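Me: Could you take a close look at one part of this model, with the cut-offs behind each term spelled out?

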Amino acid sequence: MTNVKDPSCGMEIEKETAKFRETVKGKDYYFCSKDCRDKFLAGNSSKTTSQYNHNHGNGSPAENKGEGILKETMAIKGMHCASCAITIEKAIKKVPGVESANVNYASAKASVSYDKAMANRGMLVKAIEKSGYGVVENDSGEKGKVVLKVSGMESQHCVGIIENTLAKVDGVKSYRVNLATGKATVFFDMAKTNEAEMIKAIENAGYGAEKATSADSEKYAREKETKEYKDKFIASFIFSLPLMYLMFSNYFPLPAPQIIVENQAILQLAMATTVMWVGRDFFTSGFRALFLNRVPNMYSLIAVGVGAAYGYSLFAVIAILTKSALFSVHDLYFEVAAALITFILLGKYFEALAKGRTSEAIKKLMGLQAKTAIVERGGKEMEVPIEDVQAGDIVIVKPGQKIPVDGKLVEGHSSVDESMVTGESIPAEKNIGDTVIGATINTTGSFKLRAEKVGEETALAQIIKLVEEAQGSKAPIQELADKISGFFVPIVIAVAILSGLFWFFIAGQPFLLAFTIFIAVLVIACPCAVGLATPTAVMVGTGLGAENGILIKSAAALQKAHEVDIIVFDKTGTLTKGKPELTDVIALKGFSEKEALEAAAAIENKSEHPLGEAIVKGAKNKGIKFDSVEKFNAISGKGIEATYNKKQIILGNR
């Protein structure tokens, strides 16, 4: 392979694999991208890369076209307690253009409203990462966002070219290009551009691009977090157990090999250090929050308390090894430090499990949506993923299928079970021109609809968004809890220091007792319950409500609900059993109730209408038998007619 230099940017590239080549005045020139080639041909051969937009990771605020407020929801990783949520909230609010920020510890999500003319998602992510936390990049499709898999990127220079290319696409608001993952996350105006245009632009620049496969990144991140805590707990438990045994062997006649007894100071140091390494995140996060962010959190308590126990014991080991008479193995606190880390890891594992379960309601709502749709394209029927359905597509819905998207009937008629949206148990009759809602169920006929609302614009998507916003909102009582947890940790540290000083100087107790009390106060006091209780209750409450057809718009509304004395429902359809039943039979003159019910059941026996099924079931429950009918005919939107016992029977509405 022969290396040559791109005359535009100066980047070294392989001659044989160069994306573009031009011959000028008999001399061959090789380029890393179409952008570099075009600049060279235009007469700009300056060997500098300053002409490219190298704002790696995100578009600048100026690229956010138009004015207005955007609302962004981001999944956060690395939060350990309510104090972490407060730290992130403060960091986001410092970003110019941010109007409001709400970080929910239980759901591990941040909801931010910002002026898109002054800020963008990338600036928010940078602020979060600078404060010591991370953002889960979600590859699943959301409104105005796409994740593209880019091939051919070899250096940060290539990243700059991709960013420059995306910046030129009209409608692109912001972007993040990651060289390590080979992905570009783009936020765009759906009215101005689409995925195909962005892919074409990247390909024209000399790179390959395709839409990244959909994946539940947030779910993956949660599962990964749970597994990590489980593995860390097991590892720390394995090393903490021998430490506890050695500690007890110093006070009780427990069997232990002589070589271990003679070298237990070194062994305890080795095992405790291993546990400290397993729980190192507690120390890095705790000390960073204490000294850098100056907003101490729960991990600050752990870092100071456990760190003090480990540091004191380390000093004691050095003294023992230097044959000092001041310390012995009885003065070591390694087992305390290791046991605390182990129990805290167990608690974090249980917490991760609980947080993972709180989003089950959202997952169930998402599960209501159809996964594929049958559309007409080019005169042919084809089954496509629900994400590929576009507004204006003609969608074919067959009996028993879920309706993929919101739209209007253009051909055919049917009955649609809309109970998941309206609460009405009786399917609604649908004819040409009527509106149907995505995720509802087509019961009988087959029809075609023109897609009007797809993706994040469907009624189901709006319901999911409403529930997510409610779960991420803060109740008034939670705001009070956040304020308390904000100054709780500094107070605990102060109380711990005062307690230790009191027992040593005033109560005249030995240093080890005072030191133990200092550690105990630090570790036992934890603001997690204060910060986690309310948001968890809000998530569970709004989630269970959604599963049962009750949509709660905010945490404040949920808190206010305990003051409600009377609930008034505007219709009875939502308070029934969910399916029709025969309750009364009123016969006109000349007919008995049995004759009327027998005739109705006979003709309805051939119908698929839910009211007809209720009539047939009611007749059978009363022991009424009926014969088959003749000349059965269903009249669309009206009812049915047939001949029974030589009489013409018409049954339906007026």
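Reply: What follows is an account of one helix and its packing partners, with a few loop residues added for context.

This is a predicted model, in which local features need pLDDT of at least 70 and side-chain atom pairs count only at pLDDT 80 or more, while totals for chains, interfaces and linings use all residues. Residues are numbered from 1 along each chain as its sequence is written, and side-chain values use heavy atoms, with hydrogens and water left out.

The protein has 20 helices and 24 strands, where helices (H or I, at least four residues) and strands (E, at least two) are DSSP runs numbered from the N terminus. Of its 654 residues, 45% are buried; buried means under 20% relative accessible area and exposed over 50%, with partly exposed in between, for a 1.4 Å probe and protein chains only. Among contacts (heavy atoms within 4.5 Å) between residues at least 6 apart in sequence, 66% join residues at least 24 apart.

The part to examine is helix α10, residues 298-321, which packs against helix α9, residues 280-292, at an angle of about 110 degrees, with the axes 7 Å apart. That makes α9 roughly perpendicular to α10, since angles of 65 to 115 degrees count as roughly perpendicular, under 35 as roughly parallel, over 145 as roughly antiparallel and the rest as oblique. The axes are lines fitted to C-alpha atoms, for helices over the stretch in contact, and angles run from 0 to 180 degrees between N-to-C directions. The crossing of α9 and α10 is left-handed, a term used if the near helix is turned anticlockwise from the far one by less than a right angle, whereas clockwise gives right-handed. On the α9 side, the residues in contact include Phe 282, Phe 283, Phe 287 and Leu 290, and those they meet in α10 include Tyr 299, Ile 302, Val 304 and Val 306. The residues of this contact of α9 with α10 divide into 10 nonpolar, 4 polar and 1 charged, with Ala, Val, Leu, Ile, Met, Phe, Trp, Tyr, Cys and Pro counted as nonpolar, Asp, Glu, Lys and Arg as charged, and the others, Gly among them, as polar.

Helix α10 also packs against helix α16, residues 511-524, at an angle of about 155 degrees, with the axes 8 Å apart. The two helices, α10 and α16, are therefore roughly antiparallel to each other, and their crossing is left-handed. Leu 301, Val 304, Gly 305, Ala 308, Ala 309 and Tyr 312 in α10 meet residues of α16 that include Phe 511, Phe 515, Phe 518 and Ile 519. By class, the contact of α10 with α16 has 12 nonpolar residues, 1 polar and no charged ones.

Ala 316 also belongs to α10 and counts as buried, at 0% relative accessibility. Leaving aside neighbours within four places in sequence, Ala 316 is in contact with Phe 327 and Leu 332, and its C-alpha atom is separated by 7.0 Å from that of Asp 331, 15 residues apart along the chain.

Two loop residues can be set beside the helix for their backbone angles. Most residues other than glycine have a negative phi. Ala 439, in the loop between β19 (435-436) and β20 (441-442), has a positive phi of about 80 degrees and is buried, with a relative accessible area of 5%. Asn 645, in the loop between β23 (639-644) and β24 (647-652), has a positive phi near 55 degrees and counts as exposed, at 51% relative accessibility.
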